[in-house]
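Take a look at the fold below. We will walk through it in a few short steps.

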Amino acid sequence: MDRQAIDALVARFETTGVTGPGNPRVKTVVKRLLTDLMYAMEDLDISPEEFWTGLNYLGEAGKRGELGLIVPGVGLEHFMDLRLDEAEARAGLKGGTPRTIEGPLYVTGAPVVQGEARLDDGTQPGEIVVMSGVVRDEKGQPIAGAKVEVWHANHLGNYSYFDKSQSAFNLRRTIVTDAQGRYKFRSIMPVGYSVPPGGSTDVLLTLLGRHGHRPAHIHFFAHAEGKRKLTTQINIETDPHLWDDFAFGTREGLVPPVKTNSDAAAMKALETSKPFY
Ligand code: MBD
Ligand code: FE
């Protein structure tokens, strides 16, 4: 079928079996996606077997809870970030910490801590990492009482809640900034995440000739009264996958320098003190 015939077919679908006005936005989106899918099926000569294989793949991915992992894996989440960047640029907004993908592993309800937090429960190995910063508004003024939600993987690249072997909310906190807009946390160094071996995302990435690894990273939401929420991450600069992220999340401006403290006494003091509970 040529495109004209496909357009005519879709138009007929719109006038058959009608019971009411429906939802105009849904109608517009579904019509467009259906039309584009039909064009693709025609252009690529997709067979019924291929079509049903694809549909069953998506159904299976949904059953396994992996649809939210396929979205960043095919780059759609990064694409949506670039569109938000463009929308902000059009609105005259610029500067500040760049956004990047949220990913599928955030959970709500992490403990809320004022100013300084310890994220790890102390039961797992890993290099101690300390990070601090200031939440600022668009004019550069510190924001007191802003919420910084932090979450990251453990030494095996696994996230609490999804990994039931970890304690509840391990490596997840909401930190409220102090009067100077500052937040600070202590945790253990994360290791890069990899998609579940043999899962739906892994199967697709293998067929695409790609890996499913992310560089080590720490996720953040930053939000405050009357401000838009920032969704971002930092990436650990020494990770070999730094610029080879299957989810396309690494961005210029999100790779802070990591300073290592080789002073054993200082590190011991940090380990035994409780400055970040
Ligand atoms: C992650 O940890 C992540 O951050 C993203 C974007 C996708 C999969 C796992
Ligand atoms: Fe992540």
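What follows goes from the overall layout to one helix pair and then to one loop residue.

Keep in mind that this model is predicted. The protein is divided into two parts: domain 1 covers 3-46, and domain 2 covers 76-272. How far apart are the C-alpha centres of domain 1 and domain 2? They lie 41 Å apart.

Now turn to the helix pair. Helix α1 spans residues 3-14, and helix α2 spans residues 24-43. Their axes come within 10 Å. They cross at roughly 145 degrees. The crossing of α1 past α2 is right-handed.

Which residues meet here? From α1 come R3, I6, D7, V10 and E14. From α2 come K31, L34, T35, M38, Y39 and E42. By character, the residues of this contact between α1 and α2 divide into five nonpolar, five charged and one polar.

Next, find L254. L254 sits in the loop between β8 (230-235) and α7 (264-272). Is L254 buried or exposed? L254 counts as partly exposed, because it has 17 C-beta neighbours inside 10 Å. Being buried would take 20 or more, and being exposed 12 or fewer.

What does L254 touch, leaving out residues up to four places away in sequence? Its partners are P98, T100, T232, Q233, I234 and N235. For a sense of distance, compare L254 with H155. L254 and H155 are separated by 99 residues in sequence. In space, they are 21 Å apart, C-alpha to C-alpha.

Note on methods
Residues numbered from 1 in each chain as written. Chains lettered and ligands numbered in written order. Predicted model: local features only at pLDDT ≥ 70, side-chain atom pairs only at ≥ 80, totals over all residues. Axes fitted to C-alpha atoms, helices over the stretch in contact; angles between N-to-C directions. Helix = DSSP H or I, 4+ residues; strand = E, 2+ residues; numbered from the N terminus. Left-handed = near helix turned anticlockwise from the far one by under 90°. Contact = placed C-beta atoms within 7 Å. Nonpolar A, V, L, I, M, F, W, Y, C, P; charged D, E, K, R; others polar. Domains from an automatic or database assignment.
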